[in-house]
Amino acid sequence: MSVVTVRVGTRAYSGRGVDLRAESVAPAAVYEAAAMGDVNDRVVVESPKPSEGYETLWCIRGEPTTSVVRSLEAAARSRGQATPEDDERASVEAALAELDVPTVETTAARRRVARVGADEERLRERVAELRGRLQARREAGASVDSVRQTLSETAGRLAEVETERIAAEQALERAEREAAAARDARERRLRLEDRAANLARAARRRLAESVYNEFASALRSLPGEAEPGSTPGEFRGDPVSARLAAVRVADLDAPVVLCVDRFDDADAAADALDAPVVRI
């Protein structure tokens, strides 16, 4: 078992069990110092680098934190255990990280098509009206210069709007294709997320079951009342007892922060948990 040194300001504490109850130190400060190094000026922890699972098991406190299954998964991971699901899960998570799901908006393109289409329809009716008026004036022998000029200008504007309408429709088609591709990407992301979650649950269950007999034995050797049953789902007891037993099963070199009164002192806790302990 590792010996750790915790420095609080100018004072240093070393041992398998370190009692900091005389100091005003938050549990998170010890965790941050152990996991991330010298992140603050007041608390420094000198200990081996935390193993996998430490981020779950680092603290034992009165209120529930994580489930028994998650604690046991962390304990198994701390011992280097892996599962057949791990490689596929890593592949799925890599695919998720690379998956780009763009946000595509088609409303503006649709409104543009509608607006330009309405303008085109109005101009087309206006051209038809002017052509009728021009024909009538010719048949009546009246001057047609003014009507012909207006018709020419309106027909020119109609040609411009027709071109704009075609461009708007093409833009809408592109936006709709991009929206369809985005929907496909979102559906793929959901499938991948579901697969990753299923793999994580399967791995968690497998790891928890792999150490459950040791967990049940640890429960019987530690203070607290609990009935382990034969599977994680059958555990009946308080969360502190479960966390203590999970830590006992785990292989932790970085200090566990103990915030409950279950042992005579920090050294007794370290011996019982087979892990360095910082009592707060």
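Modeller: Before we start, strands here are DSSP runs of E, at least two residues, numbered from the N terminus. Two strands pair if DSSP finds at least two bridges between them.

Colleague: Fine. What is the bridge partner of Arg7 in E2?

Modeller: Ala12 is the partner of Arg7 there. Strand E1 covers residues 4–8, and five bridges join E1 to E2. The two run antiparallel.

Colleague: What kind of model is this, and how are residues numbered?

Modeller: It is a predicted model, where local features need pLDDT of at least 70, side-chain atom pairs count only at pLDDT 80 or more, and totals for chains, interfaces and linings use all residues. Residues are numbered from 1 along each chain as its sequence is written, and side-chain values use heavy atoms, with hydrogens and water left out.

Colleague: Back to the strands. In what order do they sit in the open sheet?

Modeller: The order is E2-E1-E4, three strands with antiparallel pairing. Strand E2 (11–15) and strand E4 (43–46) are the edges, and each pairs on one side only.

Colleague: New topic. How many disulfides are there?

Modeller: Zero, after a search of the whole structure. A disulfide here is a pair of cysteine sulfur atoms within 2.5 Å.

Colleague: Why is there no bond for Cys59?

Modeller: Because its closest cysteine sulfur, in Cys259, is 3.9 Å away, too far for a bond.

Colleague: Are Cys59 and Cys259 buried or exposed?

Modeller: Cys59 is buried, at 4% relative accessible area. Cys259 is partly exposed, at 26%. Buried means under 20% relative accessible area, exposed over 50%, and partly exposed in between, with a 1.4 Å probe and protein chains only.

Conventions
Helix = DSSP H or I, 4+ residues; strand = E, 2+ residues; numbered from the N terminus.
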